[in-house]
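Please look at the sequence and the fold together before reading on. The report below goes from the whole chain to single residues.

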Amino acid sequence: MRWISSDLLAGLQARWVAPKDDPERTAHRLEDIRIAMLDMLGDAGAERYPQVARRIRASGDAQALWYARADLMGALAGLQGEQSAATRMVSLSVLFDGMLPKGLMSRPTTLRL
């Protein structure tokens with residue numbers, strides 16, 4: 001006697017296995033992140049820090065944009081102050097949810113030594 005039907009198993013498996021993102025949707029999300037980063041930098045920042053704007057524009061994937069955050073943080077700190085830049089970086093990090101390997105995402109708490 002079979003306890004669980006194959007339809008029930010297939011339904012449960014579909015809920016457990018995360019669907020792959022649509023490549024078109026991923027491309028749109030990357031472009032949204034890129035635009036948000038360039039908006040944070042602004043026109044004045046792009047003039048003062050052209051290498052940062054160039055790096056953001058040239059980044060081809062989520063990991064490259066994630067690593068470009070460090071340059072953006074430095075530029076924003078120079079323009080607006082470190083505390084304001086750090087606050088803006090937190091709001092930017094949310095946009096990367098689900099796009100990076102878990103090891104790259106920011107930790108919610110600091111490490112304790």
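Of the 113 residues of the protein, 25% count as buried, and this share comes from a predicted model. The protein exposes about 8400 Å², of which carbon and sulfur atoms supply 56%. The protein has five helices and zero strands, so that, in keeping with the definition of these elements, the pattern read along the sequence is α-α-α-α-α. Among contacts between residues at least 6 apart in sequence, 60% join residues at least 24 apart.

## Confidence in the model

How far the details can be read depends on the predictor's confidence, which is given for each residue as pLDDT. The protein averages a pLDDT of 81, and 73% of the residues score at least 70. Among the elements, helix H1, which covers residues 6–16, has the lowest mean pLDDT, 50, whereas H3 has the highest, 97. Over residues 12–19 the pLDDT stays under 50, and for these residues the model has zero contacts beyond four places in sequence. Where pLDDT is low, the predicted coordinates should not be read in detail.

## Helix H2 and the core

Helix H2 spans residues 23–48 and has a kink of about 85°, centred on Gly42. Which residues of H2 are buried? They are Leu30, Ile33, Arg34, Met37, Met40, Leu41 and Gly45, and what covers them includes helix H3 (50–58), helix H4 (62–80) and helix H5 (82–93).

The largest nonpolar core has 22 residues, of which Met37, Val52, Ile56, Leu65, Leu72, Leu92 and Phe96 touch the most other members. H2, H3, H4 and H5 each supply at least two residues of this core, and the largest share, seven residues, comes from H4. Leu92, one of the core residues just named, touches Ala36, Met37, Met40, Arg69 and Leu72, when residues up to four places away in sequence are not counted.

## Arg34, a buried residue in H2

Is Arg34, which lies in helix H2, buried or exposed? Arg34 counts as buried because its relative accessible area is 11%, and the cut-off for buried is under 20%. The side chains of Arg34 and Glu31 are joined by a polar contact of 2.8 Å, and the side chain of Arg34 also reaches the backbone oxygen of Ile56 at 3.2 Å. Apart from residues up to four places away in sequence, Arg34 touches Ile56, Arg57, Ser59, Gly60 and Leu65. Of these contacts, Ile56 and Leu65 are also among the core residues that touch the most other members.

## Three partly exposed residues

Leu38 also has its place in helix H2, but at 22% relative accessibility Leu38 counts as partly exposed, because the range for that class runs from 20% to 50%. Leaving aside its neighbours within four places in sequence, Leu38 is in contact with Ala53, Ile56 and Arg57. Two of the residues in contact with Leu38, namely Ile56 and Arg57, are also touched by Arg34.

Gln51, whose place is in helix H3, is partly exposed, with a relative accessible area of 45%. Gln63, which is found in helix H4, is likewise partly exposed, with a relative accessible area of 34%.

Each of these residues can be paired with a residue elsewhere along the chain, and the table sets the separation in sequence beside the C-alpha to C-alpha distance in space.

| Pair | Apart in sequence | C-alpha to C-alpha distance |
|---|---|---|
| Leu38 and Arg57 | 19 residues | 8.2 Å |
| Gln51 and Leu72 | 21 residues | 10.0 Å |
| Gln63 and Met99 | 36 residues | 8.4 Å |

For Leu38 and Arg57, the pair in the table is also a pair in contact. Leu72, the partner of Gln51 in the table, is one of the residues that Leu92 touches.

Note on methods:
Residues numbered from 1 in each chain as written. Predicted model: local features only at pLDDT ≥ 70, side-chain atom pairs only at ≥ 80, totals over all residues. Heavy atoms only, no water. Bend = angle between axes of the 7 residues up to and from the residue. Helix = DSSP H or I, 4+ residues; strand = E, 2+ residues; numbered from the N terminus. Buried < 20%, exposed > 50% of the residue type's maximum accessible area, 1.4 Å probe, protein only. Contact = heavy atoms within 4.5 Å. Areas by Shrake-Rupley, 256 points an atom, 1.4 Å probe, with all protein chains shown as cover. Core = buried A, V, L, I, M, F, W, Y, C linked by side-chain atoms within 4.5 Å. pLDDT = per-residue confidence, 0-100. Polar contact = N/O pair within 3.5 Å; in protein donor to acceptor, adjacent residues only side chain to side chain.
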